[in-house]
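Hi,

Here is the structure I promised to hand over. Please have a look, then read my notes below.

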Amino acid sequence: MSGKPRLTYCNGRGRMEPIRWLLAACSRLVFSTDGVLMFQQVPLVEIDGMKMVQTRAILSYIAGKYNLYGKDLKERALIDMYVEGITDLMQMILMFPFSPPEAKEKNLDSIKERATNRYFPVFEKVLKQHGQDFLVGNKFSWADVQLIEAILAVEEKIPAVLSGFPQLQAFKIRMSNMPTIKKFLQPGSPRKPPPDENYRETVLKIFRK
Amino acid sequence: MSGKPKLHYFNGRGRMESIRWLLAAAGVEFEECFLETKDDLTKLQKDGSLLFQQVPMVEMDGMKMVQTRAILSYIAAKYNLYGKDLKERALIDMYVEAVIDLNELLMTHTFQPADKKEQHFATIVDKATNRYFPVYEKVLKDHGQDFLVGNRLSRADVQLLETLLMAEECKPDILVKFPLLQVIEWTLNGQ
């Protein structure tokens, strides 16, 4: 066995993308193959002799294993809170390609509203208050990876979304220049492109009953 | 200060119920502060108590914790209901996440419009009996132990029990084909 984690999913972002980000951030290489699905669902990640399903379970395991989960229970709690909030925002983006055409503009406005009024202000404030480079414990963690992924995903839809958030702009630059993340942002990495019509059709074909 | 966790939510199950279950399973007494009007929620939002403007919120150990999963993870870890190592934790997380998915279905049933209720009910029963329950039944059968993971009570057992009971409220004979789930329900209820 190669020892590298194996990912099974559609050839697109979806629920696997945060996992690709996190594995890339701690420089674990990834490829895909088939596997057994515990609850008949993907993502599936084969890692350390386990066939793991459930996105959050997978992300938690990776974060715990590669020291991206804080130094104690309280830092972990903070990371969890931040990650969960960001995940709520990402959920809107995840679902966006599947909204009917007449709802798309409204949904885009919702994403913009939530990002700029609910989520980004929180992280802007966190970074401003402690003045450190990373969200929690002055050390790179899962929360930082989740946030940079979210910032880039929202910017793809709303290019000027960070205009009122100087701390987040600086954060984005810092994260993008971290060696493992920089590598992931380059062409040819496992990072997937924004969802297009082809991706949408594939997903509907595979998951529709 | 009483030192007891303080739960902020509506006087009902919703997203706080799993937290109540886990604290109870850990033997931790808690206080509750019920939101009864929109003003109650607005007040919490305005005073900065809610990180993302949302409840549940649990005041505990000097933190104002939000996000159901974050709160559950913290309680589980603090009270040793999260397995003995990373791999047990991973297994617990997988089981728990699926239970949460099923829980969501059960939770949203009350809010379905009248014309969708029957269809939604059918989906719940289908997913419960074809996707989720068989997995836990098999886990218990394969290792023959009393608890889902590591031969010891964990949050996975607590969250599963909560969901089994809710499923039975929905359809009383839903566990008829799952003898081991019936046993674990009976065993845990006695804990």
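The notes below cover one helix, one annotated region and some salt bridges.

Keep in mind that this is a predicted model.

Helix 1 of chain A first. It spans residues 17–25, and 9 of the 9 residues are buried, so the helix is largely enclosed by the rest of the structure. Charged residues are among them: A:Glu17 and A:Arg20 are buried. So is A:Trp21. The cover includes strand 1 (6–8), strand 3 (44–47) and helix 2 (55–65) of chain A. Helix 5 (142–157) and helix 7 (179–184) of chain A also contribute.

A:Glu17 and A:Arg20 also belong to a salt-bridge network with A:Arg13, A:Glu156 and A:Arg191.

Next, the annotation. An unreviewed UniProt entry places "domain: GST C-terminal" at residues 72–196 of chain A. That stretch is 66% helix and 0% strand. Its end C-alpha atoms are 41 Å apart.

Now the salt bridges. The whole structure has 26 over all chains. Three pairs to look at:

- A:Glu46 with A:Lys51, closest N and O atoms 3.9 Å apart. A:Glu46 is buried at 18% relative accessible area, while A:Lys51 is partly exposed at 41%.
- A:Asp48 with A:Lys65, at 2.7 Å. A:Asp48 sits in the loop between strand 3 and strand 4 (50–53) of chain A and A:Lys65 in helix 2, so the pair ties together parts 17 residues apart in sequence.
- A:Glu84 with B:Arg69, at 3.8 Å. A:Glu84 lies in helix 3 of chain A and B:Arg69 in helix 3 of chain B, so this pair joins two chains. A:Glu84 is buried at 7% relative accessible area, and B:Arg69 is buried at 19%.

Best wishes

Conventions
Residues numbered from 1 in each chain as written. Chains lettered and ligands numbered in written order. Predicted model: local features only at pLDDT ≥ 70, side-chain atom pairs only at ≥ 80, totals over all residues. Heavy atoms only, no water. Buried < 20%, exposed > 50% of the residue type's maximum accessible area, 1.4 Å probe, protein only. Helix = DSSP H or I, 4+ residues; strand = E, 2+ residues; numbered from the N terminus. Contact = heavy atoms within 4.5 Å. UniProt positions renumbered as here; feature names shortened; annotations may be inferred. Salt bridge = Lys/Arg side-chain N within 4 Å of Asp/Glu carboxyl O.
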